[in-house]
Amino acid sequence: MEFAVPMATTMQALLTIRRTKMKAITAMWILIGLYYFTFIGENRSMIRSTRRGGESKPAITNDGGRKEKVPIISHQYTLRPKDDKSSGPNIAWLMSFPNSGTSYTMTLVAKASNRSFATNYGHEVTPKERNATTLSIYPHRPEGPFWPGMSGKMLAPRPLPDGLVLTKTHCGSRCMDCGPQEYIQTAAEFLQKCTTGHAKLAPKQHATQVQYPPDSVAKAIHLIRNPFTNIISRFHQKIKSQRDKNETEWLSAHPNNSSGFFLWCKEMDQFSYHQDVLYFGEENVPSAPCHGEFHKYTQWHNLAHASLELIGHDVPTLTLYYEDYKDSLIKTANRLLNFLELEMVGELREYAATTEFSDYFTDSQKDEIKTLVRSFASNSTWGKIHHYF
């Protein structure tokens, strides 16, 4: 009994110390939470991981005035738009179907203006170093778009423009070895792809799919190339890809000429035949060579028009033809730079004339392709490309 009082006193003291520690820990976590939601929440929009899919972005208006929700792709990080714009230039999209003159256009603008361009696709401007991080044009919005920065590790160092930065996007509906199930999209789905890209983000520097809000886009340039040349250029890109993979057997069977091109077309048409039957109907599968590629080309330009109308504000758009560089380089460059509100302070990149490959297609094949394209082209698209036929 003589130890009862001291023992109780000791236990009470220990309990008091424990309660004091718990209160201190609780206070610390409260302070951390307040710091996060006040400082970080104001200066950097929250990255939301949608690893289980099923969520949707805010509704946007489609052509018919109805509300259409844009689904968020699983396993991507989407940065929520902030009410106050981060400091940095506005986005001027360079919207282009692949292999239609994108790289030449971006390099021409960079050299002529001595200002950097941007891209949705971070690997194009991220150094190959293991711990390299992709640089966003907006310091507090890591979802991009992205630029090479001033290090000179990727490209010649050029500062960002103050007003508009030319930004590469291929949008959607552009897969190569695929059928209608993969490349048929709505305007809303296409617009989502226009704002989607990938980057290596801190702290892990893993390749991450990201997406920025379309309301960041102030202007757009719609780049168009001769459809016949564009599709043949896609074949050349396939050759390059197979060469990089050292696919010698494929390369041997597909020489870089008309016979190799039409074999590639035949194989792709056969690959997508069952999907084509479901989409077109067995009696209506197009007979035109490479009909899937020409269908994608047509749909892509249709959706480029329609998707811009879904953005919640007017987006001034410049239609640019790749062939104009050959016919009137200085005039076209001035028109392009004026639209981007940039001054010409450097030399223009020399335009290397490309082969038009008009001899690849017979007159009957051209007629079949024209019929296919006209049947799927919107009035706006056909008005811009009919002179190619």
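Quick bit of vocabulary before the tour: a residue counts as buried under 20% relative accessible area, as exposed over 50%, and as partly exposed in between. By that yardstick H386, at 40% relative accessibility, is partly exposed. Keep in mind that this is a predicted model. The protein chain carries 13 helices and 13 strands, and 46% of its 389 residues are buried.

**The chain overall**
- Take the contacts between residues at least 6 apart in sequence: 74% of them join residues at least 24 apart.

**Helix α9 and its partner α4**
- Helix α9 covers residues 291-308, 18 residues in total.
- From first C-alpha to last, α9 reaches 26 Å, close to the 26 Å you'd expect at 1.5 Å a residue.
- Since 18 of the 18 residues of α9 are buried, this helix is largely enclosed by the rest of the structure.
- Helix α4 (residues 187-194) crosses α9 at roughly 85°, with the two axes coming within 9 Å.
- That angle makes α4 roughly perpendicular to α9.
- On the α4 side, the contact uses A187, F190 and L191.
- On the α9 side, their counterparts are W300, L303, A304, A306 and S307.
- Sorted by class, the residues in this α4 and α9 contact come out as seven nonpolar, one polar and no charged.

**Helices α5 and α7**
- Helix α5 (residues 227-244) and helix α7 (residues 258-271) have axes that come within 10 Å and cross at roughly 90°.
- So α5 is roughly perpendicular to α7.
- From α5, the contact draws on I231, I232, R234, F235 and K238.
- From α7, the residues involved are G260, F261 and W264.
- The class count for α5 with α7 is five nonpolar, one polar and two charged residues.

**Strand β5 and its neighbours**
- Strand β5 (residues 90-96) is mostly covered, with six of its seven residues buried.
- One pairing of β5 is with strand β9 (residues 164-169), in the parallel sense, over six bridges.
- In that pairing, W93 stands opposite T167 in β9.
- Strand β12 (residues 217-224) also runs parallel to β5, and six bridges join the two.
- Here L94 stands opposite I221 in β12.

**A220, a buried spot in β12**
- A220 sits in strand β12.
- With a relative accessible area of 0%, A220 counts as buried.
- Leaving out residues up to four places away in sequence, A220 touches W93, M95, L308, V315, P316, T317, L318 and F339.
- One of those contacts, L308, is 88 residues from A220 in sequence, yet their C-alpha atoms are 8.5 Å apart in space.
- L308 also falls within the residue range of α9, 291-308, while W93 and M95 fall within that of β5, 90-96.

**H386, after the last-mentioned helix**
- Where does H386 lie relative to α13? H386 is in the segment after that helix, which spans 379-385.
- Unlike buried A220, H386 is partly exposed, because its 40% falls between the 20% and 50% cut-offs.
- H386 and R374 are 12 residues apart along the chain, and their C-alpha atoms are separated by 8.3 Å.

Terms used: Residues are numbered from 1 along each chain as its sequence is written. This is a predicted model: local features need pLDDT of at least 70, side-chain atom pairs count only at pLDDT 80 or more; totals for chains, interfaces and linings use all residues. Side-chain values use heavy atoms; hydrogens and water are left out. Helices (H or I, at least four residues) and strands (E, at least two) are DSSP runs, numbered from the N terminus. The expected span of a helix is 1.5 Å times one less than its number of residues. Buried means under 20% relative accessible area, exposed over 50%, partly exposed in between (1.4 Å probe, protein chains only). Axes are lines fitted to C-alpha atoms, for helices over the stretch in contact, and angles run from 0 to 180 degrees between N-to-C directions. Angles under 35 degrees count as roughly parallel, over 145 as roughly antiparallel, 65 to 115 as roughly perpendicular and the rest as oblique. Contact means heavy atoms within 4.5 Å. Ala, Val, Leu, Ile, Met, Phe, Trp, Tyr, Cys and Pro count as nonpolar, Asp, Glu, Lys and Arg as charged, and the others, Gly among them, as polar. Two strands pair if DSSP finds at least two bridges between them.
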